[in-house]
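Thanks for sharing this one with me. Here are my notes, point by point, for you to follow with the structure open.

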Amino acid sequence: MVWLSFIFAVGFILIHLFSKRLKFLKVLPRSRFLSIAGGISVAYVFLHLLPELSVFQDELQGELENSSLQFLENHIYLVAMAGLVIFYALESSVKASKRERTEGDKTASGLFWIHIVTFALYNGVIAYLLVREQYGDSLGMTLFFIAMGVHFITNDKALRATHAEDYDRFGRWMLAVAILIGWGIGAFAEVHEWIISVLTAFLAGGVILNVLKEELPEERDSSLLAFCTGLISYSVLLLLL
């Protein structure tokens with residue numbers, strides 16, 4: 001299914017390059033699609049990625065024995081928590097910088113690059129897992145593409161709101177290139193199973209934080225009904241299939 005993963009990787013790239021043209025995202029105070037997208041992403045994490053971490057732990061038992069990485073056998077969820085904390089710390093730093101920002105502030109510029117590089121790594125992980133995940137069939141890969149595709153749309157809007165012209169000029173292109181690189185590594189390089197488990201755990205934590213930071217703040221005026229609609233409908237789809 002490498003050819004299908006490539007098509008979906010191109011789809012991810014197009015989302016980053018052209019999502020700003022989606023007029024329904026400009027609805028004020030907030031497009032209900034973004035809340036639906038958040039629900040879909042959370043459903044995928046809790047019903048697919050997190051249960052998969054449990055499987056990874058079972059598979060890794062004994063494999064990392066007497067290794068410095070042995071803690072991953074029983075504490076893979078620590079990696080997921082670390083992913084959440086890393087993105088939380090990053091968002092806190094960006095918001096603090098935004099409050100203190102002045103014209104030509106080098107610190108603010110530095111945080112922009114840190115923010116974008118972190119999300120580029122995040123995108124690379126998603127693109128890598130697009131190839132290396134154990135989907136079973138093309139439908140499983142399609143569900144992954146849908147969940148991460150709508151998640152990318154939400155991330156794009158948040159990054160554009162935070163960094164404005166810098167994101168359109170540099171950021172979106174870096175995120176698009178990161179997807180291509182991540183897909184290339186997944187398609188042409190063999191990576192150990194424990195690395196896949198760590199990447200999956202990191203992704204799970206990152207998705208949870210990035211969704212909740214968009215949904216919870218009061219000023220977002222998010223829709224609980226739309227969020228639950230996305231979460232329930234996608235959960236039913238995952239459970240049935």
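1. Let me begin with E165, which is exposed at a relative accessible area of 57%. In this predicted model, the side chain of E165 forms a salt bridge with that of R169, at 3.6 Å from N to O. R169 also counts as exposed, because its relative accessibility of 51% is over the 50% cut-off. Both residues sit in helix α6 (residues 165-188), 4 residues apart, so about one helical turn separates them. That spacing suits a pairing along one face, since an α-helix has 3.6 residues a turn and residues three or four places apart point the same way.

2. How many salt bridges does the structure hold? There are 3, and the next one to look at joins D168 and R160, whose side chains come to 2.9 Å, N to O. Unlike the E165 pair, D168 is buried, with a relative accessible area of 19%, and R160 is buried too, at 17%. Both values fall under the 20% cut-off, so they earn that label, though D168 does so at 19%.

3. D168 has another partner: its side chain meets that of R172 in a salt bridge of 3.9 Å, N to O. The cut-off is 4 Å, so this pair still counts as a salt bridge; please keep that in mind if you apply another criterion. R172 and D168 both belong to α6 and lie 4 residues apart, about one turn of the helix. R172 counts as buried, at 12% relative accessibility. Taken together, R160, D168 and R172 are linked in a network of salt bridges.

4. Now for helix α5, which covers residues 138-163. The helix has 26 residues and reaches 36 Å from its first C-alpha to its last, close to the 38 Å expected at 1.5 Å a residue. Is α5 mostly covered or mostly open? Mostly covered: 20 of its 26 residues are buried. Just after α5, A164 takes a positive phi of about 50°, which is a spot you may like to view in the backbone.

5. T162 lies in α5 and is buried, with a relative accessible area of 17%. What does its side chain have for polar company? A polar atom of the T162 side chain lies 3.0 Å from the backbone oxygen of A158.

6. On to the nonpolar interior. The largest nonpolar core has 63 residues, and F12 and Y44 are those with the most contacts inside it. The elements giving two or more residues to this core are α1 (2-18), α2 (32-60), α3 (76-100), α4 (106-132), α5, α6, α7 (193-215) and α8. Which element gives the most to this core? It is α4, with 12 residues. As background, nonpolar side chains tend to be buried together in soluble globular proteins.

7. F12 is a good place to zoom in. Leaving aside residues up to four places away in sequence, F12 touches I126, L130, F145, M148, G149, F152 and I179.

8. Finally, a look at L239 in helix α8 (residues 224-240). L239 counts as exposed, at 66% relative accessibility. Its C-alpha and that of H48 are separated by 9.6 Å, although the two residues are 191 residues apart along the chain.

Conventions: Residues numbered from 1 in each chain as written. Predicted model: local features only at pLDDT ≥ 70, side-chain atom pairs only at ≥ 80, totals over all residues. Heavy atoms only, no water. Buried < 20%, exposed > 50% of the residue type's maximum accessible area, 1.4 Å probe, protein only. Polar contact = N/O pair within 3.5 Å; in protein donor to acceptor, adjacent residues only side chain to side chain. Expected span 1.5 Å × (residues − 1). Core = buried A, V, L, I, M, F, W, Y, C linked by side-chain atoms within 4.5 Å. Contact = heavy atoms within 4.5 Å.
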